[in-house]
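Work through the exercises below with the sequence and the model at hand. Try each task before reading its solution.

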Amino acid sequence: YLNYAKGDTAAYNAYKMFLKNIPKGNDNIAYAFEMDGNFPMTHLDRGDAAMIAYGTSKYVLSTGDKQIARELWPLIKWSLDYCRNKKNKEGAIASASDEMEGRIETGDANLSTSALYYGGLKFASLLADELGFSKEAKQYNKEKEEMGSVIENYFGAELEGLETYKYYKENVKLRHWICLPLCMGINTRKEATLKALFEKLWTPNGVLVEYDETKKDNEQKFWDRATLYALRGAHKSGAVDIPFKRLKNYSQNRLLGEHVPYPVEAYPENNMKHLSAESALYCKIFIEGLLGIEPLGLDKVSINPHLPEEWDSLELNNISLAGIPCNLKLKKKENMLFLNLVSKDEVLFNDFLVMNTKTIIKVK
(Lines give C-alpha, C1' and ligand atoms only; values in the text may rest on other atoms or scores of the structure.)
Protein backbone atom coordinates (compact mmCIF):
# COMPACT_ATOMS: atom_id res chain seq x y z
CA TYR A 1 0.00 0.00 0.00
CA LEU A 2 2.82 2.42 0.80
CA ASN A 3 4.41 2.15 -2.66
CA TYR A 4 7.72 1.66 -0.81
CA ALA A 5 10.15 -0.41 -2.89
CA LYS A 6 12.41 -1.56 -0.03
CA GLY A 7 9.44 -2.68 2.03
CA ASP A 8 8.00 -4.57 -0.93
CA THR A 9 11.34 -6.32 -1.50
CA ALA A 10 11.63 -7.22 2.17
CA ALA A 11 8.15 -8.77 2.16
CA TYR A 12 8.87 -10.68 -1.04
CA ASN A 13 12.14 -12.04 0.40
CA ALA A 14 10.35 -13.14 3.59
CA TYR A 15 7.75 -15.11 1.63
CA LYS A 16 10.50 -16.67 -0.48
CA MET A 17 12.22 -17.81 2.72
CA PHE A 18 9.05 -19.57 3.85
CA LEU A 19 8.66 -21.10 0.39
CA LYS A 20 12.24 -22.37 0.50
CA ASN A 21 11.62 -23.98 3.88
CA ILE A 22 8.34 -25.82 3.36
CA PRO A 23 8.83 -28.91 5.54
CA LYS A 24 8.62 -32.47 4.35
CA GLY A 25 5.95 -34.76 5.79
CA ASN A 26 3.51 -33.43 8.37
CA ASP A 27 5.87 -31.13 10.27
CA ASN A 28 4.84 -27.55 11.01
CA ILE A 29 6.71 -24.79 9.22
CA ALA A 30 9.37 -22.71 10.97
CA TYR A 31 7.83 -19.42 12.02
CA ALA A 32 10.94 -17.23 11.90
CA PHE A 33 14.39 -17.22 10.36
CA GLU A 34 16.98 -15.35 12.37
CA MET A 35 20.74 -14.90 11.91
CA ASP A 36 20.38 -14.31 8.13
CA GLY A 37 18.07 -17.27 7.85
CA ASN A 38 20.52 -19.72 9.43
CA PHE A 39 18.58 -20.14 12.68
CA PRO A 40 14.99 -21.23 12.03
CA MET A 41 12.53 -21.16 14.94
CA THR A 42 10.74 -24.50 14.75
CA HIS A 43 9.61 -25.49 18.22
CA LEU A 44 5.92 -24.52 18.24
CA ASP A 45 2.95 -24.56 15.85
CA ARG A 46 1.27 -21.20 16.52
CA GLY A 47 -1.14 -21.52 13.63
CA ASP A 48 1.61 -20.22 11.36
CA ALA A 49 0.34 -22.02 8.25
CA ALA A 50 -2.95 -20.12 8.60
CA MET A 51 -1.03 -16.87 9.08
CA ILE A 52 1.06 -17.59 5.96
CA ALA A 53 -1.96 -18.58 3.85
CA TYR A 54 -3.77 -15.36 4.76
CA GLY A 55 -0.77 -13.04 4.52
CA THR A 56 0.76 -14.46 1.35
CA SER A 57 -2.45 -14.62 -0.69
CA LYS A 58 -3.42 -11.08 0.31
CA TYR A 59 0.11 -9.82 -0.38
CA VAL A 60 0.25 -11.43 -3.82
CA LEU A 61 -3.11 -9.99 -4.87
CA SER A 62 -2.02 -6.57 -3.65
CA THR A 63 1.14 -6.61 -5.77
CA GLY A 64 -0.82 -7.13 -8.97
CA ASP A 65 2.12 -9.20 -10.21
CA LYS A 66 1.21 -12.50 -11.89
CA GLN A 67 4.82 -13.71 -11.89
CA ILE A 68 5.08 -13.32 -8.11
CA ALA A 69 1.66 -14.96 -7.82
CA ARG A 70 2.82 -18.04 -9.72
CA GLU A 71 6.08 -18.20 -7.74
CA LEU A 72 4.44 -18.04 -4.31
CA TRP A 73 1.35 -20.13 -5.14
CA PRO A 74 2.98 -23.39 -3.86
CA LEU A 75 3.46 -21.75 -0.44
CA ILE A 76 -0.19 -20.72 -0.30
CA LYS A 77 -1.39 -24.14 -1.42
CA TRP A 78 0.86 -25.96 1.08
CA SER A 79 -0.35 -23.71 3.92
CA LEU A 80 -4.01 -24.37 3.16
CA ASP A 81 -3.39 -28.11 2.80
CA TYR A 82 -1.61 -28.16 6.15
CA CYS A 83 -4.51 -26.38 7.86
CA ARG A 84 -7.06 -28.70 6.28
CA ASN A 85 -5.20 -31.67 7.71
CA LYS A 86 -5.36 -30.06 11.16
CA LYS A 87 -9.15 -29.93 11.42
CA ASN A 88 -10.67 -31.40 14.56
CA LYS A 89 -13.94 -33.36 14.44
CA GLU A 90 -15.96 -30.11 14.59
CA GLY A 91 -13.97 -28.56 11.74
CA ALA A 92 -11.92 -26.04 13.75
CA ILE A 93 -8.20 -25.83 12.91
CA ALA A 94 -6.01 -27.27 15.65
CA SER A 95 -2.77 -25.55 16.66
CA ALA A 96 -0.58 -25.78 19.74
CA SER A 97 -0.77 -22.03 20.37
CA ASP A 98 -1.22 -18.63 18.70
CA GLU A 99 1.16 -15.67 18.29
CA MET A 100 1.33 -15.30 22.07
CA GLU A 101 3.33 -18.52 22.10
CA GLY A 102 1.90 -20.09 25.22
CA ARG A 103 1.77 -17.00 27.44
CA ILE A 104 -1.92 -17.69 27.99
CA GLU A 105 -4.14 -20.74 27.45
CA THR A 106 -5.38 -21.32 23.88
CA GLY A 107 -6.83 -24.85 24.05
CA ASP A 108 -6.42 -27.36 21.24
CA ALA A 109 -8.05 -25.18 18.56
CA ASN A 110 -8.26 -21.39 18.85
CA LEU A 111 -10.27 -18.71 17.07
CA SER A 112 -7.18 -16.95 15.72
CA THR A 113 -5.97 -19.93 13.68
CA SER A 114 -9.43 -20.71 12.31
CA ALA A 115 -10.20 -17.07 11.45
CA LEU A 116 -6.87 -16.65 9.66
CA TYR A 117 -7.50 -19.86 7.74
CA TYR A 118 -10.88 -18.43 6.69
CA GLY A 119 -9.09 -15.32 5.42
CA GLY A 120 -6.51 -17.43 3.62
CA LEU A 121 -9.25 -19.37 1.83
CA LYS A 122 -11.00 -16.13 0.90
CA PHE A 123 -8.00 -14.54 -0.84
CA ALA A 124 -6.58 -17.82 -2.17
CA SER A 125 -9.85 -18.51 -4.01
CA LEU A 126 -9.59 -15.11 -5.70
CA LEU A 127 -5.96 -15.71 -6.59
CA ALA A 128 -6.62 -19.22 -7.91
CA ASP A 129 -9.24 -17.76 -10.22
CA GLU A 130 -6.71 -15.21 -11.49
CA LEU A 131 -4.20 -17.96 -12.22
CA GLY A 132 -6.71 -20.13 -14.05
CA PHE A 133 -6.99 -22.75 -11.30
CA SER A 134 -10.77 -22.96 -11.44
CA LYS A 135 -10.97 -26.24 -9.50
CA GLU A 136 -9.00 -24.81 -6.58
CA ALA A 137 -10.94 -21.54 -6.72
CA LYS A 138 -14.26 -23.38 -6.29
CA GLN A 139 -12.83 -25.67 -3.62
CA TYR A 140 -11.39 -22.84 -1.53
CA ASN A 141 -14.55 -20.77 -1.79
CA LYS A 142 -16.63 -23.75 -0.66
CA GLU A 143 -14.26 -24.40 2.23
CA LYS A 144 -14.41 -20.73 3.19
CA GLU A 145 -18.18 -20.94 3.55
CA GLU A 146 -17.83 -24.11 5.60
CA MET A 147 -15.22 -22.42 7.79
CA GLY A 148 -17.57 -19.50 8.34
CA SER A 149 -20.10 -21.96 9.75
CA VAL A 150 -17.45 -23.49 12.00
CA ILE A 151 -16.49 -20.06 13.36
CA GLU A 152 -20.16 -19.42 14.16
CA ASN A 153 -21.07 -22.86 15.52
CA TYR A 154 -17.84 -23.87 17.29
CA PHE A 155 -16.63 -20.52 18.58
CA GLY A 156 -19.88 -18.53 18.77
CA ALA A 157 -20.94 -18.27 22.43
CA GLU A 158 -22.37 -16.08 25.16
CA LEU A 159 -19.67 -14.73 27.45
CA GLU A 160 -20.39 -12.22 30.21
CA GLY A 161 -23.89 -11.74 28.80
CA LEU A 162 -22.65 -10.96 25.28
CA GLU A 163 -23.31 -13.05 22.16
CA THR A 164 -19.75 -12.98 20.90
CA TYR A 165 -17.02 -15.67 20.62
CA LYS A 166 -15.17 -17.96 22.96
CA TYR A 167 -11.51 -18.21 22.07
CA TYR A 168 -11.32 -21.98 22.47
CA LYS A 169 -13.75 -24.69 23.51
CA GLU A 170 -13.29 -24.39 27.28
CA ASN A 171 -12.80 -20.62 27.31
CA VAL A 172 -15.05 -18.67 29.72
CA LYS A 173 -13.47 -15.18 29.67
CA LEU A 174 -13.51 -12.53 26.97
CA ARG A 175 -10.33 -12.43 24.89
CA HIS A 176 -8.69 -9.91 22.57
CA TRP A 177 -8.71 -11.97 19.36
CA ILE A 178 -12.50 -12.06 19.17
CA CYS A 179 -11.90 -9.06 16.87
CA LEU A 180 -10.53 -11.31 14.10
CA PRO A 181 -13.88 -12.33 12.54
CA LEU A 182 -14.63 -8.61 12.04
CA CYS A 183 -11.27 -8.20 10.28
CA MET A 184 -12.21 -11.09 7.97
CA GLY A 185 -15.55 -9.51 7.10
CA ILE A 186 -17.68 -11.72 9.39
CA ASN A 187 -20.20 -9.43 11.11
CA THR A 188 -22.63 -12.02 12.49
CA ARG A 189 -21.82 -11.16 16.12
CA LYS A 190 -20.70 -7.61 15.45
CA GLU A 191 -22.61 -5.60 18.08
CA ALA A 192 -21.78 -7.81 21.04
CA THR A 193 -18.16 -8.20 19.93
CA LEU A 194 -17.76 -4.42 19.70
CA LYS A 195 -19.17 -4.05 23.21
CA ALA A 196 -16.80 -6.70 24.48
CA LEU A 197 -13.78 -5.03 22.89
CA PHE A 198 -14.50 -1.37 23.52
CA GLU A 199 -16.35 -1.54 26.82
CA LYS A 200 -15.41 -4.71 28.70
CA LEU A 201 -11.81 -5.16 27.51
CA TRP A 202 -10.85 -1.54 26.78
CA THR A 203 -8.39 0.28 29.07
CA PRO A 204 -6.35 3.50 28.72
CA ASN A 205 -3.70 1.27 27.12
CA GLY A 206 -6.07 -0.34 24.64
CA VAL A 207 -7.61 -3.83 24.52
CA LEU A 208 -6.61 -6.34 27.19
CA VAL A 209 -5.57 -9.86 26.22
CA GLU A 210 -8.10 -11.10 28.78
CA TYR A 211 -9.78 -9.40 31.68
CA ASP A 212 -8.95 -11.22 34.89
CA GLU A 213 -10.77 -9.84 37.92
CA THR A 214 -8.26 -11.53 40.24
CA LYS A 215 -5.43 -9.27 39.01
CA LYS A 216 -4.67 -5.61 39.67
CA ASP A 217 -4.90 -3.15 36.81
CA ASN A 218 -1.10 -2.96 36.46
CA GLU A 219 -0.95 -6.76 36.17
CA GLN A 220 -3.42 -7.06 33.29
CA LYS A 221 -1.81 -8.12 29.99
CA PHE A 222 -2.13 -6.09 26.81
CA TRP A 223 -0.44 -6.13 23.40
CA ASP A 224 -0.89 -3.25 20.99
CA ARG A 225 -1.30 -5.62 18.05
CA ALA A 226 -4.71 -6.75 19.32
CA THR A 227 -5.80 -3.14 19.83
CA LEU A 228 -4.76 -2.27 16.27
CA TYR A 229 -6.59 -5.29 14.85
CA ALA A 230 -9.69 -4.44 16.90
CA LEU A 231 -9.71 -0.86 15.63
CA ARG A 232 -9.28 -2.06 12.06
CA GLY A 233 -12.07 -4.66 12.32
CA ALA A 234 -14.47 -2.26 13.99
CA HIS A 235 -14.03 0.43 11.33
CA LYS A 236 -14.21 -2.16 8.55
CA SER A 237 -17.55 -3.36 9.94
CA GLY A 238 -18.97 0.16 9.62
CA ALA A 239 -19.14 0.88 13.34
CA VAL A 240 -17.17 4.13 13.25
CA ASP A 241 -18.09 6.52 16.07
CA ILE A 242 -17.05 4.58 19.21
CA PRO A 243 -13.92 2.95 17.74
CA PHE A 244 -12.88 6.27 16.18
CA LYS A 245 -12.88 7.89 19.62
CA ARG A 246 -10.75 5.00 20.84
CA LEU A 247 -8.45 5.43 17.82
CA LYS A 248 -7.96 9.11 18.63
CA ASN A 249 -7.14 8.28 22.25
CA TYR A 250 -4.67 5.62 21.16
CA SER A 251 -3.04 7.97 18.64
CA GLN A 252 -2.69 10.77 21.16
CA ASN A 253 -1.10 8.38 23.65
CA ARG A 254 1.16 6.32 21.37
CA LEU A 255 2.01 8.70 18.51
CA LEU A 256 1.92 12.07 20.23
CA GLY A 257 2.24 11.21 23.92
CA GLU A 258 5.00 10.08 26.24
CA HIS A 259 5.58 6.68 24.60
CA VAL A 260 6.44 7.19 20.96
CA PRO A 261 6.69 6.43 18.09
CA TYR A 262 5.91 2.70 17.81
CA PRO A 263 3.39 0.16 19.14
CA VAL A 264 4.52 -1.82 22.15
CA GLU A 265 5.31 -5.44 22.95
CA ALA A 266 3.58 -7.49 25.64
CA TYR A 267 2.96 -5.77 28.98
CA PRO A 268 3.83 -6.29 31.77
CA GLU A 269 6.18 -8.96 30.40
CA ASN A 270 8.42 -6.69 28.29
CA ASN A 271 7.70 -3.36 29.98
CA MET A 272 6.26 -1.71 26.85
CA LYS A 273 9.26 -2.19 24.58
CA HIS A 274 8.76 -0.95 21.01
CA LEU A 275 7.91 -3.14 18.02
CA SER A 276 8.43 -0.96 14.95
CA ALA A 277 7.05 -3.38 12.35
CA GLU A 278 3.65 -3.41 14.05
CA SER A 279 3.20 0.19 12.94
CA ALA A 280 1.97 -1.40 9.70
CA LEU A 281 -1.10 -2.54 11.65
CA TYR A 282 -1.80 1.11 12.51
CA CYS A 283 -1.73 2.06 8.81
CA LYS A 284 -4.15 -0.77 8.02
CA ILE A 285 -6.77 0.76 10.35
CA PHE A 286 -7.20 3.52 7.77
CA ILE A 287 -6.62 1.61 4.53
CA GLU A 288 -8.49 -1.61 5.30
CA GLY A 289 -10.68 -0.28 8.11
CA LEU A 290 -11.93 3.24 7.40
CA LEU A 291 -11.56 2.89 3.63
CA GLY A 292 -12.50 -0.79 3.52
CA ILE A 293 -10.02 -1.51 0.72
CA GLU A 294 -9.52 -5.18 -0.25
CA PRO A 295 -7.85 -6.78 -3.26
CA LEU A 296 -10.30 -8.69 -5.45
CA GLY A 297 -7.81 -9.77 -8.08
CA LEU A 298 -4.48 -8.81 -9.62
CA ASP A 299 -6.07 -5.80 -11.31
CA LYS A 300 -9.02 -4.79 -9.16
CA VAL A 301 -9.93 -3.77 -5.61
CA SER A 302 -13.08 -3.12 -3.64
CA ILE A 303 -13.62 -0.07 -1.46
CA ASN A 304 -16.25 0.47 1.23
CA PRO A 305 -15.33 3.64 3.15
CA HIS A 306 -16.80 4.78 6.45
CA LEU A 307 -15.73 8.30 7.40
CA PRO A 308 -16.18 9.44 11.02
CA GLU A 309 -18.77 12.14 11.62
CA GLU A 310 -16.19 14.83 12.33
CA TRP A 311 -14.32 14.30 9.03
CA ASP A 312 -15.58 15.98 5.87
CA SER A 313 -12.88 14.48 3.67
CA LEU A 314 -9.96 12.08 3.46
CA GLU A 315 -7.01 12.11 1.08
CA LEU A 316 -4.28 9.54 0.46
CA ASN A 317 -1.62 10.24 -2.13
CA ASN A 318 0.70 7.71 -3.76
CA ILE A 319 -1.14 4.70 -2.33
CA SER A 320 -0.39 1.48 -4.21
CA LEU A 321 -3.44 -0.48 -5.38
CA ALA A 322 -2.75 -3.70 -7.30
CA GLY A 323 0.78 -2.38 -7.75
CA ILE A 324 -0.35 0.92 -9.29
CA PRO A 325 0.39 4.26 -7.53
CA CYS A 326 -2.87 6.14 -7.02
CA ASN A 327 -4.15 9.35 -5.46
CA LEU A 328 -7.41 8.91 -3.55
CA LYS A 329 -9.78 11.64 -2.42
CA LEU A 330 -13.04 11.21 -0.51
CA LYS A 331 -15.50 14.01 0.23
CA LYS A 332 -18.83 14.06 2.01
CA LYS A 333 -21.58 15.60 -0.07
CA GLU A 334 -25.13 15.73 1.28
CA ASN A 335 -24.81 12.57 3.39
CA MET A 336 -23.05 10.74 0.57
CA LEU A 337 -19.42 10.08 -0.25
CA PHE A 338 -17.79 11.21 -3.49
CA LEU A 339 -14.67 9.29 -4.51
CA ASN A 340 -11.99 10.51 -6.89
CA LEU A 341 -9.32 7.93 -7.69
CA VAL A 342 -6.58 8.84 -10.15
CA SER A 343 -3.51 6.94 -11.39
CA LYS A 344 -1.08 9.34 -13.10
CA ASP A 345 -3.36 11.08 -15.59
CA GLU A 346 -5.99 8.34 -15.76
CA VAL A 347 -9.22 8.72 -13.81
CA LEU A 348 -10.12 5.31 -12.37
CA PHE A 349 -13.24 6.41 -10.50
CA ASN A 350 -15.01 9.75 -10.14
CA ASP A 351 -18.50 9.34 -8.76
CA PHE A 352 -20.66 8.92 -5.66
CA LEU A 353 -20.43 5.68 -3.68
CA VAL A 354 -23.35 3.70 -2.38
CA MET A 355 -22.94 3.80 1.40
CA ASN A 356 -22.21 0.50 3.17
CA THR A 357 -21.79 -1.25 -0.17
CA LYS A 358 -18.55 -2.46 -1.70
CA THR A 359 -17.63 -0.70 -4.92
CA ILE A 360 -15.39 -2.63 -7.32
CA ILE A 361 -12.73 -0.61 -9.12
CA LYS A 362 -10.59 -1.91 -11.96
CA VAL A 363 -7.12 -0.47 -11.50
CA LYS A 364 -5.41 -1.61 -14.69
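**Exercise 1. Place threonine 193 in the fold and decide whether it is buried or exposed.**

Solution.
- Step 1: locate the residue. Threonine 193 sits in helix 7, which spans residues 190-200. The model is a predicted one.
- Step 2: check accessibility. The relative accessible area of threonine 193 is 0%. Buried means under 20%. Threonine 193 is therefore buried.
- Step 3: list the contacts, leaving out residues up to four places away in sequence. Threonine 193 touches Thr164, Tyr165, Ile178 and Leu182.
- Step 4: take one distance. Histidine 176 is 17 residues from threonine 193 along the chain, and their C-alpha atoms are separated by 10.0 Å.

**Exercise 2. Find the element that holds alanine 226, then list the residues that alanine 226 touches.**

Solution.
- Step 1: alanine 226 belongs to helix 8. That helix covers residues 224-236.
- Step 2: the relative accessible area of alanine 226 is 0%, so the residue is buried.
- Step 3: skip residues up to four places away in sequence. His176, Trp177 and Cys179 are then the residues that alanine 226 touches.
- Step 4: compute a distance to leucine 341, 115 residues away along the chain. The C-alpha atoms of alanine 226 and leucine 341 are separated by 31 Å.

**Exercise 3. Do the same for serine 79: which helix holds it, and which residues does it touch?**

Solution.
- Step 1: serine 79 is part of helix 3, residues 66-84.
- Step 2: serine 79 has a relative accessible area of 0%, and so counts as buried.
- Step 3: with residues up to four places away in sequence not counted, serine 79 touches Ala49, Ile52 and Ala53.
- Step 4: place those partners. Helix 2 runs over 48-63, and the partners of serine 79 are Ala49, Ile52 and Ala53.

**Exercise 4. Examine the backbone at asparagine 335 and asparagine 356, and state what phi is at each.**

Solution.
- Step 1: asparagine 335 is not a glycine, yet its phi is positive, about 65°.
- Step 2: asparagine 335 lies in the loop between strand 10 and strand 11. Strand 10 covers 324-333 and strand 11 covers 336-343.
- Step 3: the relative accessibility of asparagine 335 is 78%. The exposed class begins over 50%, so asparagine 335 counts as exposed.
- Step 4: asparagine 356, also a residue other than glycine, has a positive phi near 60°.
- Step 5: asparagine 356 is found in the loop between strand 12 (346-353) and strand 13 (359-362). Its relative accessibility is 57%, so asparagine 356 counts as exposed.

**Exercise 5. Describe the largest pocket: what is its volume, and which helix gives the most to its lining?**

Solution.
- Step 1: the volume of the largest pocket is about 2000 Å³.
- Step 2: 50 residues line the largest pocket. Nearest its centre lie Tyr15, Ala277, Ala280, Leu281 and Lys284.
- Step 3: sort the lining by element. Helix 1 (5-20), helix 2 (48-63), helix 4 (111-130), helix 8 (224-236) and helix 10 (279-290) each give at least two residues. Helix 2 gives the most, ten residues.
- Step 4: sort the lining by chemistry. The lining has 25 nonpolar, twelve polar and 13 charged residues.

**Exercise 6. Repeat the analysis for the second largest pocket: how many residues line it?**

Solution.
- Step 1: the second largest pocket is lined by 14 residues. Leu307, Pro308, Glu309, Lys332 and Met355 lie nearest its centre.
- Step 2: strand 10 and strand 11 are the elements that give two or more residues to this lining.
- Step 3: the volume of the second largest pocket is about 260 Å³.
- Step 4: the lining residues divide into six nonpolar, three polar and five charged.

**Exercise 7. Test the radius of gyration of the protein chain against the compact-globule estimate: what is each value?**

Solution.
- Step 1: for 364 residues, a compact globule would have a radius of gyration near 21 Å. The protein chain has 20 Å, so the two agree.
- Step 2: along the principal axes, the C-alpha atoms fill a box of roughly 55 × 45 × 40 Å.
- Step 3: of the 364 residues, 54% count as buried.
- Step 4: take the contacts with a separation of 6 or more. Residues 24 or more positions apart account for 59% of them.
- Step 5: the protein chain exposes about 17100 Å², and carbon and sulfur atoms supply 49% of that area.
- Step 6: count the elements. The protein chain has ten helices and 13 strands.

Definitions and conventions. Residues numbered from 1 in each chain as written. Predicted model: local features only at pLDDT ≥ 70, side-chain atom pairs only at ≥ 80, totals over all residues. Heavy atoms only, no water. 1 Å grid on protein atoms, 1.4 Å probe; cavity = no way out; pocket = protein on both sides within 12 Å on 5 of 7 lines; lining within 4 Å. Points joined across faces, edges and corners; volume = space filled by probe spheres on them. Helix = DSSP H or I, 4+ residues; strand = E, 2+ residues; numbered from the N terminus. Nonpolar A, V, L, I, M, F, W, Y, C, P; charged D, E, K, R; others polar. Buried < 20%, exposed > 50% of the residue type's maximum accessible area, 1.4 Å probe, protein only. Contact = heavy atoms within 4.5 Å. Rg over C-alpha atoms; globule rule 2.2 N^0.38 Å. Areas by Shrake-Rupley, 256 points an atom, 1.4 Å probe, with all protein chains shown as cover.
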